[in-house]
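Student: Could you take me through how to read helix packing and empty space in a model of this kind?
Tutor: Gladly; have the structure open, and we will take one kind of feature at a time.

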Amino acid sequence: MRVELDDGVRDGRAVDLRDSDFSPATVDRAVGDADWIDCADPGPVHERVSPVVAGSTVAVRAALAAAARSRGLASPVDDELAEARAELANLNPPSVDCETARRRVAEAGEREAALAERVSELRGRVEALETAAAEGDADAVDDERTAAIRELSEVRTERIAAEQALRSARETARAARDARDRRLRLEDRVANRRRTAREHLAAALASEFADAVDAVPGEGRVTDPPAGFEGDPVTAALAVVRVAAVDAPVVLACDRFERPSAAAERLGAPVVRV
């Protein structure tokens, strides 16, 4: 790695920044994301253990699984997990507004009923006027009836279209419910397969992790393989780094090594000491 500071450049697999004002979190964020540190991009192992700081916690099982992945190991459920994740990513239940469609049908229906009643009323008036030989008045009312019939036809067409839209909205709503149910089942499947994969991968490094716990400085011991650990979380984090294959520097903020170079050698990983 290459670190550019105001007072010069520091490079190598072990860089000491203890004389700087950088916090562990600042340096950790800079790894792979700042132009003043030129290094490999961090991966899932870094997300689990870096920066290694006294008082932090480590999810050992997940960290070991990430370490196994960093070494190219796989689990028997990886393909199934990938398929479920891909399907889940593409499953987007549509939002449906059936209420608007129902309101449109109701409003069109009410207008249609009112117009039908109006047409019937006008027809009666026309017949009554014709019976009374009031031809002039009958023609005027008949014109009004004709206009009402035309409007009734338009509203009826609108009501039919609204009913079709409501049927379509209900079908979409049913599809959305099915998609949501499918999403829940997929989320459960992804969670279960992730747990299975994590267990398998952690078990693959169980023996090496136990050896690593003994090899790194600090208190700790494996109590229930593959991931049962009792002791200082810093020890667990260092052991995870030792069994992982990491190219990006791990940020160390713990007094476990005399020199950064000793840490890099013991852990088998580039380090930045802060």
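Tutor: Let us begin with handedness: a crossing is called left-handed if the near helix is turned anticlockwise from the far one by less than a right angle, and right-handed if it is turned clockwise. Applied to this predicted model, that rule makes the passage of α7 over α8 a right-handed crossing.

Student: At what angle do α7 and α8 pack, and how far apart are their axes?
Tutor: Helix α7, residues 206-215, packs with α8 at an angle of about 120°, and their axes are 8 Å apart. Angles of 65 to 115 degrees count as roughly perpendicular and those over 145 as roughly antiparallel, and α7 and α8 are therefore oblique to each other.

Student: Which residues of α7 meet α8?
Tutor: From α7 come Glu208, Phe209, Ala212, Val213 and Ala215, and they meet Thr235, Ala236, Ala239, Val240, Arg242 and Val243 in α8. Sorted by class, this contact of α7 with α8 holds eight nonpolar residues, one polar residue and two charged residues.

Student: How does α3 lie against α8?
Tutor: Helix α3 (residues 60-70) packs with α8 (residues 233-243) at about 15°, the axes being 9 Å apart. Since angles under 35 degrees count as roughly parallel, α3 and α8 are therefore described in that way, as roughly parallel to each other. Their crossing is right-handed. On the α3 side Val60, Ala63, Leu64 and Ala67 take part, meeting Ala236, Val240 and Val243 of α8; by class, this contact has seven nonpolar residues, with no polar and no charged ones.

Student: What is the arrangement of α4 and α6?
Tutor: The axes of α4 and α6 come within 9 Å and cross at roughly 150°. That makes α4 roughly antiparallel to α6, and the crossing is left-handed. Among the residues of α4 in this contact are Asp78, Glu80, Arg85 and Glu87, while α6 brings residues including Arg182, Arg183, Glu187 and Arg189. The residues of the contact of α4 with α6 divide into six nonpolar, no polar and ten charged.

Student: How should I read the empty space, and what is the volume of the largest pocket?
Tutor: The general idea is that rolling a probe the size of a water molecule over the atoms shows where empty space is left. Here the largest pocket has a volume of about 300 Å³. Of the 13 residues that line this pocket, Arg48, Ala65, Ala66, Arg69 and Arg194 are the closest to its centre. Helices α2 (44-49), α3, α4 (78-89) and α6 (135-204) each supply at least two residues of the lining, and by class the lining has seven nonpolar, no polar and six charged residues.

Student: How many cavities of 30 Å³ or more are there, and what lines the largest cavity?
Tutor: The count comes to one cavity of 30 Å³ or more, and about 50 Å³ of space lies in the largest cavity. Its lining is made up of Leu252, Cys254, Arg256, Phe257, Arg259, Pro260, Ala263, Val271 and Arg273. Two or more of the lining residues come from each of α9 (260-267) and β9 (271-273). By class, the lining of this largest cavity has six nonpolar, no polar and three charged residues.

Student: Finally, where is Pro51, and is the peptide bond that joins Ser50 and Pro51 cis or trans?
Tutor: As a general idea, most peptide bonds are trans. The bond joining Ser50 and Pro51 is cis, with omega about 0°, and Pro51 has its place in the loop between α2 and β5 (52-53).

How values were computed. Residues are numbered from 1 along each chain as its sequence is written. This is a predicted model: local features need pLDDT of at least 70, side-chain atom pairs count only at pLDDT 80 or more; totals for chains, interfaces and linings use all residues. Side-chain values use heavy atoms; hydrogens and water are left out. Axes are lines fitted to C-alpha atoms, for helices over the stretch in contact, and angles run from 0 to 180 degrees between N-to-C directions. Helices (H or I, at least four residues) and strands (E, at least two) are DSSP runs, numbered from the N terminus. Contact means heavy atoms within 4.5 Å. Ala, Val, Leu, Ile, Met, Phe, Trp, Tyr, Cys and Pro count as nonpolar, Asp, Glu, Lys and Arg as charged, and the others, Gly among them, as polar. On a 1 Å grid over the protein atoms alone, a cavity is a set of points where a 1.4 Å probe fits but cannot get out, and a pocket is an open set with protein on both sides within 12 Å along at least five of seven lines; lining residues have an atom within 4 Å of a point. Grid points are joined across faces, edges and corners, and a volume is the space filled by probe spheres set on the points.
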